[in-house]
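Here's a quick tour for anyone opening this one up for the first time. Have a look at the structure, then read on.

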Amino acid sequence: MSGQNPTTSKKTWANRWTFLLAAAGSAIGLGNIWKFPYIAGQYGGGAFVMLYLLCIAIMGVPLLMAETAIGRHTRLSPLNAIKKLTSDLGASKLWGIIGWMGMLAGFLILSFYSVIAGWSLSYAWDIVTGAFNGMTTDQVGDAFGGLVSSAPRQIFWHTTFMLITLLITARGIHKGLEKGLQVMMPALFALLLVMLGYSMLETGQFMRGFNFMFSVDFSKVTGEAFVAALGQAFFTLSLGMCCLMAYGAYMPANNSIPRTAINVAALDTLMAIISGLIVFPIVFAYGLEPSAGPGLLFVSLTAAFVHMPMGELFGFLFFVLVGIAALSSAISLVEPALAWLIERTPLSRTVATVILCAAIWFVGLGTVFSMSGDLTFTLFEKNFFDLLDYFTSNILLPVGGLLISVFAGWVMKRSTMMKELGLSVGVFNLWRAMIRVVVPLCVLTVLITTLF
Ligand code: PHE
Ligand code: NA
């Protein structure tokens, strides 16, 4: 099923691996490899990781199931799905806000996601061309500073990444990429294991990194850490913006949604934990700061690649594969807004993709200039990038997830969800209690206590 308009196609993917691959492709990306270690580092390690795992288990998994089930039940794009469901069920049209927020979230997230993916491409290039050869760790840190302070360099790579996203998206979301991912994802995983081996055997700081991630300092369990963990859980699982609803529309009827949801969550969490276990021992071994911020992954790993045998090759492969993981996530970020443009305007898929990607690219310049220091605008002591990141991960996605869970729990028919999930009555009731009460209450509590 290549190059089909997702809104008119009622076809499903060939087998259960395809859905798993697509969902995992969306989930696994910069969120795991770049964002998880740096946020965990900023919020003090173990406390954050514990809250994060809690959010994944309590909110993430039930919501993953809910989103996928709604998508598969309607076999429509998110906006049309919500529209049809509300009219069939006699519910308020206001639920359409779920789709709108999802489009906005995807749009805004991709605008900065592409800039960071651009960093990864830039690193791949610099490593393979020997730009880091013989550098000390301090110089590696300065080199990162050199990249982020240069708007032209970042724009070049941001543009490159958006162009690749555009080309693949314009040709239909599944074409080609599916096959590629089947090779790339395992390759990325294998390379992460190589790096994990390096952290374990060569840094001499593995246990320190491990303890940083897993020993919980309860004084660091704060409301602020909780909201960051919640936001990261939604971000990393691609939740709360109807992305999995869009993919669920293609899922074959005989696939088990609960099993797939658990697999996706488990794979995604595994990748994040491994990334942390790679980054922190290196951070300690090279005297870097865990709380260094968005540059953490780039500086620490490059410091290691400089010292590693065949570091140029591993470094190049690593950053290329991270770029590819980011690409499969980027495609899922465009999808909700693109589906809307195709359905509700006379634009062709190609033209819609070009317009959308151009707009996203443009907003991405805000992130570039806030990184480079050209855009000095701040609000609540946050620069443009921090604001975007905070607003999308910590507000839009959780609120979207909250609404989706209320919709799935209170508006959707019990029998519909029961059929889609195919769980035994007892387990189904547990899921339903989570989605009706626990998920909304948790999200609300976290948001209210930290925002007000
Ligand atoms: N889950 C992706 C990641 O961890 C990012 C993403 C968020 C993708 C929301 C789609 C929707 O990198
Ligand atoms: Na992720």
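Among the contacts in the chain with a separation of 6 or more, what percentage comes from residues 24 or more positions apart? It's 85%. Keep in mind that this is a predicted model, and that the chain has 18 helices and two strands.

**How sure is the predictor?**
- The chain's mean pLDDT comes out at 92, with 95% of its residues at 70 or more.
- For the complex, the predictor gives an ipTM of 0.98 and a pTM of 0.94.
- Take care at the start of the chain: pLDDT stays under 50 over residues 1-9. Even so, the model has 26 contacts beyond four places in sequence for that stretch.

**Overall build**
- The radius of gyration is 21 Å, close to the 22 Å that the globule rule gives for 452 residues, so the chain is as compact as a globular protein of that length.
- Along its principal axes, the C-alpha trace spans about 65 × 50 × 45 Å.
- Of the 452 residues, 54% count as buried.

**The nonpolar core**
- In soluble globular proteins, nonpolar side chains tend to be buried together.
- Here the largest nonpolar core has 159 residues, and those with the most contacts inside it are Phe48, Leu64, Tyr113 and Ala229.
- Helix 14 is the biggest giver to this core, with 19 residues.
- Ala229 is in contact with Phe48, Leu51, Tyr52 and Cys55, if you leave aside its neighbours within four places in sequence.

**Around ligand 1**
- Ligand 1 has 15 residues around it, and the closest are Gly29, Gly31, Thr236, Ser238 and Ser329.
- Four elements give two or more residues to this shell: helix 1 (16-27), helix 2 (30-42), helix 10 (223-236) and helix 14 (311-344).
- How does the shell divide into nonpolar, polar and charged residues? There are seven nonpolar and eight polar residues, and no charged ones.

**Two unusual backbone spots**
- Most residues other than glycine have a negative phi.
- Ser238 isn't a glycine, yet it has a positive phi of about 60°. You'll find Ser238 in the loop between helix 10 and helix 11 (243-248), and Ser238 is also one of the closest residues to ligand 1.
- Is Ser238 buried or exposed? It has 29 C-beta neighbours inside 10 Å, so Ser238 counts as buried.
- Cys242 has a positive phi too, of about 70°, and isn't a glycine either. Cys242 is found in the loop between helix 10 and helix 11.
- With 31 other C-beta atoms within 10 Å, Cys242 is buried.

**A look at helix 8**
- Helix 8 (residues 177-201) holds Lys179, and Leu181 is found in helix 8 as well.
- Why does Lys179 count as exposed? Because it has just 11 C-beta neighbours inside 10 Å, and the cut-off for exposed is 12 or fewer.
- Leu181 has 22 such neighbours, so it counts as buried; the cut-off for that is 20 or more.
- Leu181 touches Leu21, Gly25 and Ser328, not counting residues up to four places away in sequence.
- Leu181 and Leu21 are 160 residues apart along the chain, but their C-alpha atoms are separated by 7.5 Å.
- Lys179 and Met245 are 66 residues apart along the chain, and their C-alpha atoms are separated by 22 Å.

Notes: Residues numbered from 1 in each chain as written. Chains lettered and ligands numbered in written order. Predicted model: local features only at pLDDT ≥ 70, side-chain atom pairs only at ≥ 80, totals over all residues. Near = placed C-beta within 6 Å. Nonpolar A, V, L, I, M, F, W, Y, C, P; charged D, E, K, R; others polar. Core = buried A, V, L, I, M, F, W, Y, C linked by C-beta atoms within 7 Å. Contact = placed C-beta atoms within 7 Å. pLDDT = per-residue confidence, 0-100. Rg over C-alpha atoms; globule rule 2.2 N^0.38 Å.
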